[in-house]
Amino acid sequence: YSLMDSDRDGAVSAKELATITKLDEKKAKMAIDRVDKNADEVLSREEFHDMVNRNRIRNPSLSRGDKAFTELDRNKDGLISKDELSAGTDLSKSQAILGIRKLDKDYDGKLNKEEFINLMDSVGLRTKKI
């Protein structure tokens with residue numbers, strides 16, 4: 001969530017959601033409208049988590065991220081680099097670097113499975129068909 005809230009105002013606007021997910025702004029607004037409980041046209045942290053959890057109910061295979069991690073780990077070293085992350089997801093290379101920096105607990109510049117799942121949870125990350 002904090003990766004999407006680029007202006008640090010405590011809410012994610014349609015523009016911020018569109019930027020991180022590569023949705024167009026109209027589709028991002030529609031996504032926000034579906035979970036916007038207080039009709040303020042932005043996502044609070046709680047609303048964001050509701051949106052992520054709704055997707056998990058519809059698609060439970062995303063809840064653990066095992067398949068996505070295995071697909072993204074192209075060199076099979078048990079870690080996901082910025083290049084692997086940006087190549088296999090809807091994140092740009094700079095977004096991948098930022099995501100790794102924020103969640104890389106062991107500071108090796110890569111994500112292990114636990115760190116990757118935390119990234120998926122924090123940004124609603126989706127993988128590309130590889």
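Good morning. A helix here is a DSSP run of type H or I with at least four residues, and helices are numbered from the N terminus. The model I am presenting is a predicted one.

With that definition in hand, let me begin with Tyr107, which sits in the loop between H6 and helix H7, the latter covering residues 113-123. The phi angle of Tyr107 is near 55°, a positive value in a residue other than glycine. Is Tyr107 buried or exposed? At 72% relative accessibility, Tyr107 counts as exposed.

A second residue invites a parallel description. Lys76 belongs to the loop between helix H4, residues 66-72, and H5. For Lys76, too, phi is near 55°, again positive in a residue that is not glycine. Its relative accessibility is 54%, so Lys76 counts as exposed.

From that loop I turn to helix H5, which spans residues 82-88 and contains Glu84. Glu84 is buried, and yet it has no salt bridge. Which side chain of opposite charge is nearest to Glu84? The answer is Lys110, at a distance of 6.6 Å. Since a salt bridge requires a side-chain nitrogen of Lys or Arg within 4 Å of a carboxyl oxygen, that pair does not qualify.

What, then, does the side chain of Glu84 reach? One partner is the backbone nitrogen of Arg74, at 3.1 Å. Another is the backbone nitrogen of Asn75, at 3.2 Å. If we set aside neighbours within four places in sequence, the residues in contact with Glu84 are Leu72, Asp73, Arg74, Asn75 and Leu79.

Next, the salt bridges. How many does the structure hold? There are five, and I shall describe some of them.

Helix H5 supplies a partner in one case: the side chains of Asp83 and Lys93 meet in a salt bridge, with 2.7 Å from N to O. Asp83 lies in helix H5 and Lys93 in helix H6, residues 93-103, so this pair ties together parts that are 10 residues apart in sequence. Both ends are partly exposed: Asp83 has a relative accessible area of 36%, and Lys93 has one of 42%.

Another salt bridge joins Asp33 and Lys29, whose closest N and O atoms are 3.3 Å apart. Why might these two side chains be placed to meet? Asp33 and Lys29 are four residues apart in helix H2, residues 25-35, and are therefore separated by about one helical turn. As a general point, an α-helix has 3.6 residues a turn, so residues three or four places apart point the same way. Asp33 counts as partly exposed at 40% relative accessibility, and Lys29 is partly exposed as well, with a relative accessible area of 36%.

A further salt bridge is formed by the side chains of Lys105 and Glu114, at 3.2 Å from N to O. Here Lys105 counts as exposed, at 54% relative accessibility.

I close with helix H1, residues 14-21. This helix is mostly covered, as six of its eight residues are buried. Which residues are they? They are Ala14, Glu16, Leu17, Ala18, Ile20 and Thr21. Against what do the buried residues of H1 pack? They pack against H2 and H6. Both of those helices have already appeared in this talk: H2 holds Asp33 and Lys29, and H6 holds Lys93.

Thank you for your attention.

Key
Residues are numbered from 1 along each chain as its sequence is written. This is a predicted model: local features need pLDDT of at least 70, side-chain atom pairs count only at pLDDT 80 or more; totals for chains, interfaces and linings use all residues. Side-chain values use heavy atoms; hydrogens and water are left out. Buried means under 20% relative accessible area, exposed over 50%, partly exposed in between (1.4 Å probe, protein chains only). Lys and Arg count as positive and Asp and Glu as negative; His and the chain ends are not counted. A polar contact is a pair of N or O atoms within 3.5 Å; within protein, one must be able to donate a hydrogen and the other to accept it, and residues adjacent in sequence count only if both atoms are side-chain atoms. Contact means heavy atoms within 4.5 Å.
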